[in-house]
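Reader: I would like to learn how to read a structural model, taking one feature at a time. May we begin with a helix and then turn to the interfaces?

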Amino acid sequence: MKLMTCPVNGARSISEFVCAGEVRPIPDPNTTNDLAWGAFVFHCNGAAGIKQEWWCHTPSDTWFIAERNTQTDEILRTYLWGEVA
Amino acid sequence: MNQRRLPPISGEWIDRSRPIQFTFEGTRFTGYAGDTIASALWASGQQILGRSFKYHRPRGILSLANHDVNSLMQSGQRLNVRADVTPLDDGMTLSAINTFGGVMGDRASAIELFSPFLPVGFYYKAFNSKRLFPMWERLIRNLTGLGQVDFSTPHIRTAKRYDFCDLLVVGAGVSGLSAALSVADLGADVVIVDENAKAGGSGHYQLGNEPFRVEKTNELLNAIENHPKIRLYTQTQASGYYADGWIPLLDHDRLTKMRAKAVIAANGAYEQPAVFRNNDLPGVILSSAVQRLIYRYAVKPMNRAVVLVANADGYRTVLDLISNGVTIAAVVDLRDSLNSDVARSLDQQNIPIFLGYCVYEARANPGRDGISAAVICPIDANGNPQTGFKQTIACDGIVMSVGWAPAANLLYQAGTKMRFDKGLQQFVPDQLPSGVFACGRVNGVFEFEQKLIDGRRSGLEAAAYLGLGERIQVTISPERESPSHPWAIVEHPKGKNFVDFDEDLQYKDFPNAVQEGFDNIELLKRYTTVGMGASQGKHSNMNALRILARITGKTPGEVGTTTSRPFFHPVPLSHLAGRGFTPERRTPLHSRHAALNAKFMLAGIWKRPEYYAQLGKTRDECIALEAQAVRHQVGIIDVGTLGKFEIRGADAAEFLERVYAGRYRNMKVGTTRYALMLDETGVTIDDGIIARLGAEQFYFTTTTSGATPIYRELSRLNTMWQLDCGIVNLTGARSAINLAGRYARDVLSKLTDLDLSSVAFPYLAVREARIQGISVVLMRVGFVGEWGYEIHVAAEYASALWDLLLKAGLEYDIRPFGVEAQRLLRLEKGHLIIGQDTDGLTTPLEAGLKWAVKMDKPFFIGQRSLQVLAKRPIKQTLIGFMLDPNFQGTPPQECHLMIARDQIVGRVTSVAFSPSLSRHIGLAYMRPELAEIGDPISIRLSDGTIVSAIITSTPFYDPDQLRQREDVTQREEVTV
Amino acid sequence: MMRRISPNHDRLQSLSGTWRDINGMPSLMSIPGDEQTAAHLGIADLSFLTRFGVKGAGAAAWLESRDLEVPDRPNTWRSLPDGGIIARLGLTEFLIEDSLHSSFALRLAEACQHVPDRVYPVLRQDAAIVLCGTAIPDLLQQTCSVHFQSFSLNDHPVILTLIVGVSVTIIPIAPDRYRIWCDGTFGAYLWETLATIVQELGGGVVGADRLI
């Protein structure tokens, strides 16, 4: 099966991982209106493209970001949150 | 018996010192070890090996390459035995499938007479009529089918395994061997797989009676055998290409999941049949099958052959036939001229060669188990037969050598873009994905010397990819002739010129389908079912594609191919099933429960006691007794499956404030508080208890099923928020035991010095204590509504603690209770269960949990959504209900609906008979305007019966919480 | 005094062999014939060894302040004086396991009464297993998708992965000696599954004596 590279543990079978969806900036709950908040909560970006996604290596509980082309399923790079490319 | 067996042939696969007896269709035959079933039968003169799927026409050998679906057999309990490649085994009892009355006299062959009424798209059309469908279904089920399942066949489990290599080479023909050596010599760890019993491929049989090919092939094999970096697995099929070089390898025993850093496809090509009337009769056979019969099994394929050719391979087969005693009645070349040296050499030998001719039809022999003649005629420039000039040539075999289709399945699955090469008349790789390479005939390289060079070329490319060598430019010379003919297809007014042998599709089925509008390759496939049989189009897709191209005026490249999917050849379910791994969790008290006759259930992946069985008592009786023990004296339950977490740090309180809906930063050390967790949309997702053990230390619990996903999500949140705190998951590290009942304090006080008075240890407090020197955390929680303690201890001490508690409780008649009793007791207290009494849309506003939500906090997950929802009226609210105390009959169940004025106004979420209250109680959602305490409700059972109930306040039992007050714990009963 | 019980206790109880209490835990020390078994393929329970866990940004510094030499690279391990193991799990978590002759775990647990900021003690209640014998690769090939041969033992690798679906920490000590730790509540399933395959491969359960 597919390989995913955890930045800390290296390349492993995808069955060792869990995906938590696209990294999405959260609107400021104090300033955003109800419509915009509803859109954030319920409308996810379904278009194919290169996305930053939250992934977790479950045996080590390591959360990281994978940059993935959701059309070709190619994983371009993985990095820890807070690390700039 | 073996009248067709040739004298010993160098390199033959059979072992003449080991004859093997077997039966086929009740008749006894003899073959040799190393034979396949088909080769042994053919050697004995048995030509009919099976009956076709639709028309039940007699069929024999076509390819001997695992494409001969018409010779599928059943061997005892073993189904789908492929006679063309399955080795002969002692005592095999074989029968043909899909016949009525045996393979020789199949009565169902009468269907052929109805063939005008069984047009293409028959299934599609027949199934359109709903009324007639049951009749068709019965008929088709009786007439078709590929064997009889024996339901007593034992389940076989095979152990799957993983394997790893730098380079996987699929195919041990000369190009694959050459590729493997070039990479292994540079230090790579190489695995070669080949589905045949022995490696070497066509180098061992496409000989043209020349020893040179065999010698070169054996040279390569010797180098492989002794190479320390090469593993060769024969009788192993590479069944598909999955992501990142993940290839399932199937052999007789098991499935191996191979991870290869690079893959070279050297799979070769499938020989393609010519299409002419009666091209399916036993005796009409592919030329490579002929060569396999001779060189592997030493079987003379026929006595007198007409050989239909369109390439040099065909001429080489002629030479192989001649040198093994077969008379060549004619060579029929679809092309106008002699295009190769081997063709020209044959011309010198007084063999009748008909240039620009085709085989128009094969004539059956009187017994209809073979052929008696071939009818040939010239073809015009468009490939159309000139039937005015027919000639009939007597023969008992027609050999076809008209072309090839690449075995490119794995390449397609890997995402290779192929293009149609007009010169080669074949699809070849155009853009290969990273890490995937191709060589040999699958790459369009057919000449023997060039295959060796092409193998080396792809090996060097793979090596460079692996970082092991430099890319060296290697030139492959173009083919001197096309190996495949663009149109080896001859129309015939009487039909029976087959394109797909698995599905009995004739030529005319294709223009008929196109005429009906199915003029795209994917539609054509599904309408005609071409390529959907057990060989999955290996011998039929290419011809179907050519026909579609001709009809629609497109090139084969424009028509394209259908999607290739795993598996390459059929895979036994036993290999796929393997040994399943289904993890399970057990608390450290598991053996204690087993010793007490617990009936275990799965709660998520945990084993928990549902109840403890007692001799002579039903399940319901046991559960009621357990519940009564808790209400009247004291019970003990293992709640170790709960999620348990510790959070520490300066921001610990802040973190909890953000992830839970309530207020916690003002908790005093030593207290606990109910905690409700919401998701971003404001929906309830979990609940538990938060205990404050220190200024910067909290211990909190979650539901059993929530533990793992919640811990993961909290880790993610803290990764983002980077608060000054750390969370430790103690779910498996700590055991938790709940002691509940009016004697709970008496029991516990025997084991600890801690002051358990209600002043020192009030309701909802938490204390750290020691029992026999071991640290425990004690919490007084609501739980089942009795005075009780939840005791948390390190898992390794759980058994010892349980034993101490039981011993201490002996004088109070302490009883263990399980999950079912727990649910009943909690229901009596009106406690809801997240996921049972809430669903994916329930917010705290509907579930009566507003009190647990502090909207004035600066931020918590779900807050913003609740602000939106709070502006709207709620559509349902959670209520308690009770049935009449004298109710007899079937009680309602979860999800039964409440009906008012013919409308659905609510649904039941929990319901049970309460022994404490002697009546049925439950929780339900109800329209708010109909939810007044005391209002009647009607619950509709599945059969339409209406049960009346009344809306009640909760808790049902001990609404004033008297059981938690010290002065009442000695009272016998509590009135409701 | 409450006894410690191994997560694998129930499965070992029925085996005939010599038992001894170690660190307050009844432990199976030897089984007749286990010398040959251990050479080919053996599985033994080492849950009786004492263990301590700690994580957090301050954990490495805190351990060093307690005189432990901490592995400097993520997912590597070191030997402790007197034969124990200190493993760095990922970036900031540590597992310390004592040998029979050391007591770091106890001392560190006591020191946890007053830990500095960003040091979070982790209670370890592992099911701890050791595999021994030349047939270990055959067992791992059936149960784990990690290519162990690609690690150099000189690097002292620590591998966090799944075996038969269970999260584990694995340390290859030597080609014929592998240590495995998992959450104790998965211990029964892991042990039963591995022991079945071990037996199919011609090996068996061995006592802990020859492996510590």
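**A covered helix and two interfaces**

Author: Helix α22 of chain B, residues 819-828, is mostly covered, as 8 of its 10 residues are buried. Please note that this is a predicted model.

Reader: Which residues of α22(B) are buried?

Author: The buried residues in α22(B) are Val819(B), Ala821(B), Gln822(B), Leu824(B), Leu825(B), Arg826(B), Leu827(B) and Glu828(B).

Reader: Against which elements of chain B do the buried residues of α22(B) pack?

Author: Their partners in chain B are the strands β30 (598-603), β31 (606-612), β32 (635-638), β45 (903-914) and β46 (919-926), together with the helix α17 (619-632). Just after α22(B), Gly830(B) adopts a positive phi of about 70°.

Reader: How should I read a single residue such as Gln450(B), and is Gln450(B) buried or exposed?

Author: One compares its relative accessible area with a cut-off: buried means under 20%. Gln450(B) has a relative accessible area of 12% and is therefore buried. This residue belongs to helix α10 of chain B, residues 448-465. Leaving aside residues up to four places away in sequence, Gln450(B) touches Val445(B), Ile476(B) and Ser477(B).

Reader: Let us turn to the interfaces. How is the size of an interface expressed?

Author: It is often given as the accessible area that is lost when the parts come together. For chain B and chain A, the buried area is about 1,900 Å², with carbon and sulfur atoms giving 58% of it. Of the area that chain B buries against chain A, 33% is supplied by Arg712(B), Arg716(B) and Arg864(B), more than any other three residues. The contact involves 18 residues of chain B and 21 residues of chain A.

Reader: How many salt bridges are there between chain B and chain A, and how many residue pairs are in polar contact?

Author: The count is 3 salt bridges. The side chains of Asp244(B) and Lys2(A) meet in a salt bridge, at 3.9 Å from N to O. The rule also finds 9 residue pairs in polar contact across this interface, both residues being at pLDDT 80 or more.

Reader: Which helices of chain B each supply at least two residues of the side that touches chain A?

Author: They are α19 (707-721) and α23 (863-870) of chain B. Helix α19(B) gives the most, with 6 residues. By residue class, the side of chain B that touches chain A divides into 7 nonpolar, 4 polar and 7 charged residues.

Reader: What does the same reading give for chain C and chain B?

Author: The area buried between chain C and chain B is about 3,400 Å², of which carbon and sulfur atoms give 57%. The contact takes 37 residues from chain C and 41 residues from chain B. Between chain C and chain B the count is 5 salt bridges. Asp183(C) forms a salt bridge with Arg585(B), where the closest N and O atoms are 3.5 Å apart. There are 19 residue pairs in polar contact between these chains, both residues at pLDDT 80 or more.

Reader: Which elements of chain C each supply at least two residues of the side that touches chain B?

Author: These are α1 (9-13), β8 (120-122), α5 (136-143) and α6 (187-200) of chain C. The largest share, 7 residues, comes from α6(C). The residues of the side of chain C that touches chain B divide into 17 nonpolar, 10 polar and 10 charged.

How values were computed:
Residues numbered from 1 in each chain as written. Chains lettered and ligands numbered in written order. Heavy atoms only, no water. Contact = heavy atoms within 4.5 Å. Buried area = accessible area lost by both parts, 1.4 Å probe. Salt bridge = Lys/Arg side-chain N within 4 Å of Asp/Glu carboxyl O. Polar contact = N/O pair within 3.5 Å; in protein donor to acceptor, adjacent residues only side chain to side chain. Helix = DSSP H or I, 4+ residues; strand = E, 2+ residues; numbered from the N terminus. Nonpolar A, V, L, I, M, F, W, Y, C, P; charged D, E, K, R; others polar. Buried < 20%, exposed > 50% of the residue type's maximum accessible area, 1.4 Å probe, protein only.
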